[in-house]
Amino acid sequence: MTTMIKIVKTKPFDGQKPGTSGLRKPVKTFEHPGYLENFIQSILDVSLADVKDRKTVQLVIGGDGRYYSSHAIQTIISMCAANEVGHLIVAQNGIMSTPAISAVIRTRNAHGGIILTASHNPGGPHGDFGVKYNCSNGGPAPDQITDAIYARSKEIHRYKCLESMPVVNVSQLGQHIIKYSGDGEMMVEVVDSVDMYLELLKRIFDFELLRRFVSTKRLRIDAMNGVMGPYVCRIIVQELGANADAAVRCKPLPDFGGHHPDPNLTYAADLVDQMRNGDFDFGAAFDGDGDRNMILGAKGFFVTPSDSLAVLGENLEQIPYFRGRGVKGYARSMPTSRAIDLVAMKTGLKCYETPTGWKYFGSLLDAGMVSICGEESFGTGSDHIREKDGLWAVLAWLSIWATMPDHSVESIVRQHWRQFGRCYYSRYDYENCDVESCERMMATLDHKIAANQLPKTINSDDGKTYHVDKAYNFGYTDPVSGEQTCNQGLVIQFNDGLCRIMFRLSGTGSTGATVRLYLEQMEMDSEKAVSGCLEDYIRPLAKVALEISKLQEFTGRDRPTVIT
Ligand code: G16
């Protein structure tokens, strides 16, 4: 029996504006009748607008398996069929990491993909859900597309779905045909969550070398009950032969076991403790959808994401993929420390500074201008796909380490600091604050900067002096597309650029506002770079930042929620 296409009248919902990476809202919001449908129809209207024959369109669907995903997948299948899409590639059980989806879009030359994730935000009925659209290059849609989706969501008055559709069994690999309205049909192809991604990794890394190296080290890899469980079990344990106790929290759970699936020192504190107390040589954790990573060494030595980027950037040619094609350049987001810039100074390659958000790396990667990119928010990746890639970062670390097996993670990082200098760095997050107060704080500081009203010199109470030499509201012109983006964070630079403080409001939260304060001091003296104390560099700078911004007065918070 075939079913018919149904046109459902609807009204716009407020606030369907994608943030730094997709639309993230509480599950309760997504559960409002029509909320998900409106946003999906807006995505389809925009992304299919110029397509002549929709039967040729392939879209990839998957996500981190969080609560509400099963319902969302069936809704999306029905809506794609009713919008006459020809072919859906759906992850088995709806589970596929964000980097793997990027790989599948590229491998299969798909038109794009819809990713169901709110990344590191908590899940479950009281947590968040999210939807993100990725384009045919495998990367997050750039601003002009997300702006168009948002504009569409504000005027939407109908969406299309099928009148009735049997539930598609997405646990069963293979092809399912959906027939509708006489001769209409759409193929739903359910694919393995890991296969295509693993094939790609095997073309990048020397798995034989990794296997030998992994047999000599004790690893502890925490999937945080997010999407990465099947990848860790299959790739780290099965393929590379790590001990079974290397893989922890590998069952994807719809609520991530009630935890915050964010790989940082606060939310992955269990792993940090296990590393401190155990005999492990290398630790790593991933977020809910597997694009973020945290790297730890023995005894819990924390590699900041900015240092991780720099160490990988320095040693990239140890990895077969880059040995073959050479390293083209580097990119980092504005608040990421300038450790990678120090590498670029030595290699003579260019380092681009972009706004926060992986989507800004897309055009540089597409144009072959950069090989590796990274962000302070635990994102590292390369031009093999167009998303940050947590497991890639882990295999890149292990590959590089395998070329200097007598070192530890810590000694690799210290050696790097000695050679290149160190950017002492920390991020303070003030989560879930009052939105209006945070916006007033940012506007007030922005005004002070624009009106040149910052003090010229500030003395911290522990005797350090900071001379303001530059302050601005960060804007960016994409060197490839010429597209301009403004208002991407406030930057104040001191002491000939050696110190920076930066303020941004997070674009990934779903309730309230989160202020991010980033603190950085470059140390070029190699002894001080290796043996200095982070606190001594950061504490006075933090005091200066709080004084200049009046953050505590505006937010009513006397301490950050998370310090990284
Ligand atoms: C997303 C983006 C990242 C970005 C991060 C910033 O990460 O993909 O490129 O750095 O948001 O978050 P915020 O705006 O909160 O500082 P994810 O892992 O949440 O997709």
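Does cysteine 423 count as buried or exposed, and at what relative accessibility? Cysteine 423 counts as buried, at 3% relative accessibility. The views below come from a predicted model.

**View 1. The ligand and its shell.** In this predicted model, 19 residues surround the ligand. The closest are Glu375, Ser506, Gly507, Thr508 and Arg516. By class, the shell holds 10 polar residues, 8 charged residues and 1 nonpolar residue. The ligand takes up the space of the largest cavity.

**View 2. Polar contacts from lysine 388, arginine 504 and arginine 516.** Each of these side chains places a polar atom beside an oxygen atom of the ligand. For lysine 388, the distance is 2.8 Å. For arginine 504, it is 2.7 Å. For arginine 516, it is 2.6 Å. Around these contacts, the protein covers 99% of the ligand's accessible area, which is 470 Å² for the ligand on its own. Arginine 516 is also one of the closest residues in the shell.

**View 3. Cysteine 161, without a disulfide.** The structure holds 0 disulfides. Cysteine 161 is therefore in none, and the nearest cysteine sulfur, in cysteine 80, is 12 Å away. Is cysteine 161 buried or exposed? Cysteine 161 counts as buried because its relative accessibility is 11%, under the 20% limit.

**View 4. Cysteine 423 and cysteine 499.** Why is there no bond between these two sulfurs? They are 10 Å apart, which is too far for a bond, because a disulfide needs sulfur atoms within 2.5 Å. Cysteine 499 holds the closest cysteine sulfur to that of cysteine 423. Cysteine 423 itself is buried, at 3% relative accessibility.

Technical notes: Residues are numbered from 1 along each chain as its sequence is written. This is a predicted model: local features need pLDDT of at least 70, side-chain atom pairs count only at pLDDT 80 or more; totals for chains, interfaces and linings use all residues. Side-chain values use heavy atoms; hydrogens and water are left out. A residue is near a molecule or strand if one of its heavy atoms lies within 4 Å of it. A polar contact is a pair of N or O atoms within 3.5 Å; within protein, one must be able to donate a hydrogen and the other to accept it, and residues adjacent in sequence count only if both atoms are side-chain atoms. Accessible areas come from the Shrake-Rupley method with a 1.4 Å probe; for residues, only the protein chains shown count as cover. On a 1 Å grid over the protein atoms alone, a cavity is a set of points where a 1.4 Å probe fits but cannot get out, and a pocket is an open set with protein on both sides within 12 Å along at least five of seven lines; lining residues have an atom within 4 Å of a point. A molecule sits in a cavity or pocket if more than half of its atoms lie within 2 Å of its grid points. Ala, Val, Leu, Ile, Met, Phe, Trp, Tyr, Cys and Pro count as nonpolar, Asp, Glu, Lys and Arg as charged, and the others, Gly among them, as polar. Buried means under 20% relative accessible area, exposed over 50%, partly exposed in between (1.4 Å probe, protein chains only).
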